[in-house]
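Q: Could you take a close look at one part of this protein for me? I'd like to hear about the salt bridges and who pairs with whom.

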Amino acid sequence: MFVRAPMVGNLEFRGLDSSNLAGTAKLLEIRTGLDAAAARIAAIRRTAEEVEFLREMNAAASRPDLTIPETVEADLAFHLAIVRATRNEYFVSIQTFLLEHLRAGILFTRTLESYSKEMMEEVQREHSAIFQAIESRKADLASRLAEQHVLNARRRMKSAFASH
């Protein structure tokens with residue numbers, strides 16, 4: 001009997017940029033599970049320093065004086081901080097690999113959300129709820145909130161795209 005090594009190739013996400021609805025929607029499908037799992041683990045393992053950084057990035061992503069690109073970077077830093085708080089290098093590697101695609105996806109959704117104050121406020125509430133669940137070490141709640149946040153981002157994206 002022969003054992004064959006698994007085929008390993010480079011992952012590609014062609015056509016994912018800040019104007020591609022279909023590509024961004026596909027990335028959000030992947031993020032649904034990853035973000036939920038990361039939030040769950042982060043709530044269990046996070047340190048006080050990680051909580052403080054999450055607090056700062058959550059506040060930065062909500063600042064009305066920042067440009068869209070600046071809020072994208074703060075939003076990305078918030079999600080990366082959650083992944084780092086898992087202290088699981090595989091989560092960090094996956095997130096690092098997806099970094100530019102995540103940035104493009106967040107830019108796409110943040111740009112659409114910028115047309116609606118209600119959408120922007122909803123994102124802020126979701127981030128704050130995720131942060132509070134992680135801070136309080138409520139792993140199941142953090143997971144559910146992170147999953148719902150990504151599902152809501154997908155819904156907001158489709159809604160905003162349909163109205164323009």
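A: Here is a walk through the salt bridges, with some background at the start and a loop residue at the end.

This is a predicted model, in which local features need pLDDT of at least 70 and side-chain atom pairs count only at pLDDT 80 or more, while totals for chains, interfaces and linings use all residues. Residues are numbered from 1 along each chain as its sequence is written, and side-chain values use heavy atoms, with hydrogens and water left out.

First, the overall picture. The protein has seven helices and zero strands; both are DSSP runs numbered from the N terminus, helices being H or I with at least four residues and strands E with at least two. Of the 164 residues, 43% are buried, where buried means under 20% relative accessible area, exposed over 50%, and partly exposed in between (1.4 Å probe, protein chains only).

Now the salt bridges: there are 14 of them, counting a side-chain nitrogen of Lys or Arg within 4 Å of a carboxyl oxygen of Asp or Glu. Take E29 and R154, whose closest N and O atoms sit 3.2 Å apart. That pair links distant parts of the chain, since E29 belongs to helix α1 (residues 21-45) and R154 to helix α7 (residues 139-162), 125 residues apart. E29 is partly exposed at 47% relative accessible area, and R154 is partly exposed too, at 22%.

Over at R156, things are buried: its relative accessibility is 1%. R156 forms a salt bridge with E122, at 3.3 Å between the closest N and O atoms. Here helix α7 supplies R156 and helix α6 (residues 117-135) supplies E122, 34 residues away. R156 also has a salt bridge with E126, with 2.8 Å between the closest N and O atoms. E126 is in helix α6 as well, 30 residues from R156, and both E126 and R156 are buried. Shared partners tie E122, E126, R155 and R156 into one salt-bridge network.

Finally, a loop residue. T86 sits between α3 (68-84) and α4 (89-97), and it is buried, with a relative accessible area of 0%. A polar atom of its side chain lies 3.1 Å from the backbone nitrogen of N88. Leaving aside residues up to four places away in sequence, T86 touches A38, I41, A42, R45 and F91, a contact being heavy atoms within 4.5 Å.

Technical notes. A polar contact is a pair of N or O atoms within 3.5 Å; within protein, one must be able to donate a hydrogen and the other to accept it, and residues adjacent in sequence count only if both atoms are side-chain atoms.
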